[in-house]
Every structure is written in structure tokens, then in C-alpha cells.
Amino acid sequence: MTEEKTTIPKFDDPILEFSTDSRDFVTLRDLLRACLILGATGSGKTSSSARRLAKRLLKKGLGGLILCAKPEEREHWEKLVRECNRLDDLIIFCEGSPYRFNPFHYEVTRRGKGAGATFNLVNLLMTIYQMGRTISGQGIANEGDRFWDTALKRLVGRVIDLLKLAREEVSIENMHAVITSTLSKEERDAMSTLMQENEEDAILEKLEKWGEINFYIRCLYNGTKRLIKEDGKEDYDSLLRQYHLVKNYFNREFPLLAERTRTIIIESFLGIVEPFLSGLLYDYFSQGTNIYPEWIEEGKIIILDFPIKDYLELGVYAQGIFKFLTQQALERRKFYEGDRPVFLWIDEAHFFLNSEYDQLFLTTSRSSGTCVCLITQNISNFYAAIGGRNPKPKVDSLLGLLAVKIFHNNSDPITNNFAADSIGKYFKSVGGISAGQYNNVNMNQQLHYQVDPREFTVLKTGGALNNFDAEAIMTVAGKVWSDGKNFKKVTFNQKS
């Protein structure tokens, strides 16, 4: 027997309830400030608190995006969706599905301001680049990498401008074709000689013929011809400036770089695009677009079934790209109370961490009506994922933006100390008796943890031995529970 869907919840409707007292409710308003669930492998987090929260979000009619780290994730969510009578809203994007998502095509053709802007397209490619760094264990770029990042951005920006000028599709294939067909010194000398000819028609004719065997020249030819045709039009000056920037970059600036520098920049670019030139990413992320992030705003539930355990790096790229553009789409929407909220569900969240953009997104996720749910074993996973010399400030900033925190059983001391510090300390009177003639009693005020880090190591982990009860200690920023404390020890039954 399936359960009926309910109407879109109001901000103060309860999502999780732990007693009949309204102070023991976790509301949609709370979850719109983001949620973190931590617990060691086997702590029961996925089968208890995460499962209950997921079902309540589904029952409340929210649309959502679900990323998959494990192969069984899809089946788990299909079951939840079926139990909540939401199968009509379910979309599974996987190998063998009819869906395709070309991130550059989407960015160029999407609605709204800034669509197709060169800067945004460069940023998209650099986000893919950062995913590659994270996957390879390099972490975020340090100061020594800034020069190479800036040089790579300039190259990509000029390539995109050239494709736009030539009215060629902005795609990874075409960007690759431009860069691998840029001119050698001998060809640049030949180009310089050609451009000194007096006959414009003769120059164009030779460029056209040359362009049949060289994609860069073809683009330059089409751009030159377009410039001639549009002479005198309103945007001609802008077009002319773009033409000269592109031409000067490829014919003068880029060739003047030291050979080793130029080679490193080109190889960096080729390393980014290589996974998209064949195989899974070529088939599903380079061939047009017929699935859109905005669908979750309409109540659709999109599962990205490219689990990392099966697809490894390809799974991170595929899901990370769709996640990033979904976040940007959500930030563009105007959300008001009464509109349909959405959720972004990321189990094994450290695999999908975009340290710079995720932090920015969390600062505004509430205003976009997005419940972000991050689940992982411990915060040490985040430190490892971000990498670099000092990942702690970035991780601490990220964690500070997650208002709802659910701590399950854990043996990681860093996580347990973080949990205890998040809940805070209180002054406790500690007495002592000094032996002597008068047996004096001394009382001192000392700061003690409200929840000692040790307590997180003995929380029940569910399963038959615990009557399927998994315990957690929960805190919500700004909330005082019915017992007057800022935390609550709760039990989630795995069979409930």
C-alpha cells in the first residue's frame, strides 16, 4: 500500500519529530540551512537518520538531485520513491538511459542572464579541472599553481572567443580541435606573408583553402568573413575587438611563451578534456542535452546513477559536473515561501566536494530553497579531499555553514572532538575536601563538555543486537530543545 503525497510544506512544518513538543521538531526552515550526517561505517546512519529524512523530504513533495557513490544507491532510492508514491517524478540518468547532458551546450542555451558568457564557460572548464586535481589527490591549487591556472584560463577564453567569432559550436571537441591545430612557426610566418597581400579576396580564398585541412584556420577564416559582412553594424566594434584579441593571442602572445611553458599549458588543457573525447563522458556528456537541472524545481527526482565504485573517476566527473550546474541553476531562481523547495542529497560527500563553490553555494542555499544533505563517515574525509598544505580553514568554514548536524557512533577522534566542540561546554562546580584540622570543602567552577567526545564512541549502531535502534546526538544552530539544552540524544529505529 503506497502512501499519498502531501502538499508542499510551509517553512515551519516539521520534517523530523522527536516528541509531541514543537521544540523537538526539525523543520523545513532548519533544513534549508543545510544538514550534515556523520557516522562511522556500520553506525547505522544511512539506514536510520538518513533514511527517515529522505522519506520525509519525498513525502513532502520536494524535487531533488541524488548523487551515487555506491552501486546500491539507486536501488535504495527507487525503493524510497516507490514507498512515497513518487515514481511518476523519478528520472534515472545512467548508462543506457536516453538522457544526455552536454554542459557547454546547456550553459550556452540556458535561459537567463549570463548564458554563454565566455567567463562562465571558462569557469565551467576550470571547475572540471579542479575535479581532476581532487581526484588525483592534488587538492586545491596553491600559490605556485596560480600562474598556470591563469595561463590556462587565458588560453581557454581565447579558444572560446574564436569559436564564437566563427559561429562554431562551443564544445570540448571543437576546443580540442582548435588547440591541436594552432600554427607552427613556419605556418605563422606563412600567415604573416599572406596577410601582407593587397587583395582581400585573394587572402580569403587562400584562408578558405587552408581551412579545409586546419580547424584553427577555418575558424579564423569564418571570423574574418563575418567581420567583413557585418562591417557597420551596431556591435561591429565589439566584434572587431574580439577578433584582434583572438588573432593577437594565437599569432603573437601564445607563440612568444617559452616552449616549456607553452607545452605545460597545452598539456594541462588536453588532460582536462581527454576523458570527454571518448567513452562514457563522450557518449553522455558531449552529445547534446535533453535533461535539465531545472526539472527538480518542478518536483522531479533525478538520480545520477554513475556510482563511483563502478565508474571511478568518470563517476566523479559525470556527477560533479551535473551537480555544479544544478547549484548554479538553483542560485538563479527566485524562491519565495510557498514555492516548491528542493533537496541536494550527497552520500559519501567527500568524493564530490568542490571546496570553493560548495562553500559559496551553502551561504545562499536557503534563499534558493535548497536543502543540502551531506553524509560521510568523518570530517577527516573532507580534509583529505581538499588536500593542500592547510585544508583546515576551508573545511571548518564549510562545516560552519551546516546548521543541522547529526552525529552517529564514531571512532574518529577529530570528528568526535569537533562534535563535542560544536555542542559546547558549560561551567560545572567541582568540589574537593582538604584534609586537616577543619576538613575544608572547596568548590571550583570548571568548563566541561556538555557531551564528552567519548560518548560518541558508545552510541548504539542499530542491528538486531540493539533492537535495530541507532542512536545519534543532534544539534541545530539556534535551537533550544524542550529540555532546555542545545543538543538532543535521539534514537532512529531502522525498522520503523
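**Exercise 1. Determine whether Glu-348 is buried or exposed, and describe its backbone and its place in the chain.**

Solution. At 10% relative accessibility, Glu-348 falls under the 20% limit and therefore counts as buried. The model is a predicted one, and the values here are computed from it. The next step is to locate the residue: Glu-348 belongs to the loop between β7 (342-347) and α16 (355-364). Turning to the backbone, phi of Glu-348 is near 50°, which is a positive value in a residue other than glycine. Most residues other than glycine have a negative phi.

**Exercise 2. Work out where Phe-468 lies, what its phi is and how it is classed by accessibility.**

Solution. Begin with the position, which is in the loop between β11 (440-449) and β12 (469-476). Phe-468 is not a glycine, and yet its phi is positive, at about 65°. Its relative accessible area is 30%, a value between the limits of 20% and 50%, so Phe-468 is partly exposed.

**Exercise 3. Classify the ring pair of Phe-276 and Tyr-317, and state which parts of the chain it links.**

Solution. A pair of aromatic rings is described by the distance of the centres and the angle of the planes. The structure holds 25 aromatic pairs. In the pair of Phe-276 and Tyr-317, the ring centres are 6.0 Å apart and the planes stand at 70°; since an angle over 60 degrees is required, the pair is edge-to-face. The two residues are 41 residues apart and link distant parts of the chain, with Phe-276 in the loop between α12 (259-273) and α13 (279-285) and Tyr-317 in helix α15 (residues 313-332). As to accessibility, Phe-276 is buried, with a relative accessible area of 0%, and Tyr-317, at 8%, also counts as buried.

**Exercise 4. Describe how helix α6 packs against helix α11, giving the angle and the axis distance, the class of the angle and the handedness.**

Solution. Helix α6 (residues 146-165) and helix α11 (residues 236-256) have axes 10 Å apart and pack at an angle of about 130°. This angle lies between 115 and 145 degrees, so α6 is oblique to α11. The crossing of the two helices is left-handed. Residues on the α6 side of the contact include Ala-151, Leu-155, Val-159 and Leu-162, while those on the α11 side include Leu-239, Tyr-243, Val-246 and Phe-250.

**Exercise 5. Place Ile-228 in its helix, list its contacts beyond four places in sequence, and relate them to the packing of α9 and α10.**

Solution. Ile-228 lies in helix α10 (residues 215-229) and, at 34% relative accessibility, counts as partly exposed. If residues up to four places away in sequence are left aside, Ile-228 touches Glu-200 and Leu-204. Both of these contacts belong to α9, where Glu-200 and Leu-204 are among the residues that meet α10, and Ile-228 is one of the α10 residues involved. The axes of helix α9 (residues 200-211) and α10 come within 8 Å and cross at roughly 150°, and the crossing is left-handed. Finally, Ile-228 and Leu-240 are 12 residues apart in sequence, and their C-alpha atoms are 9.8 Å apart in space.

**Exercise 6. Identify which rings lie under the charged ends of Lys-425 and Lys-479.**

Solution. The charged end of Lys-425 sits over the ring of Tyr-449, at 4.8 Å from the ring centre. For Lys-479, the ring is that of Trp-481, with the charged end 5.5 Å from its centre.

Key
Residues are numbered from 1 along each chain as its sequence is written. This is a predicted model: local features need pLDDT of at least 70, side-chain atom pairs count only at pLDDT 80 or more; totals for chains, interfaces and linings use all residues. Side-chain values use heavy atoms; hydrogens and water are left out. Rings of Phe, Tyr and Trp (its six-membered ring) pair if their centres lie within 6.5 Å; planes under 30 degrees apart count as stacked, over 60 as edge-to-face and the rest as tilted. Helices (H or I, at least four residues) and strands (E, at least two) are DSSP runs, numbered from the N terminus. Buried means under 20% relative accessible area, exposed over 50%, partly exposed in between (1.4 Å probe, protein chains only). A charge sits over a ring if NZ of Lys or CZ of Arg is within 6 Å of the ring centre and within 35 degrees of the ring normal. Axes are lines fitted to C-alpha atoms, for helices over the stretch in contact, and angles run from 0 to 180 degrees between N-to-C directions. Angles under 35 degrees count as roughly parallel, over 145 as roughly antiparallel, 65 to 115 as roughly perpendicular and the rest as oblique. A crossing is left-handed if the near helix is turned anticlockwise from the far one by less than a right angle, and right-handed if clockwise. Contact means heavy atoms within 4.5 Å.
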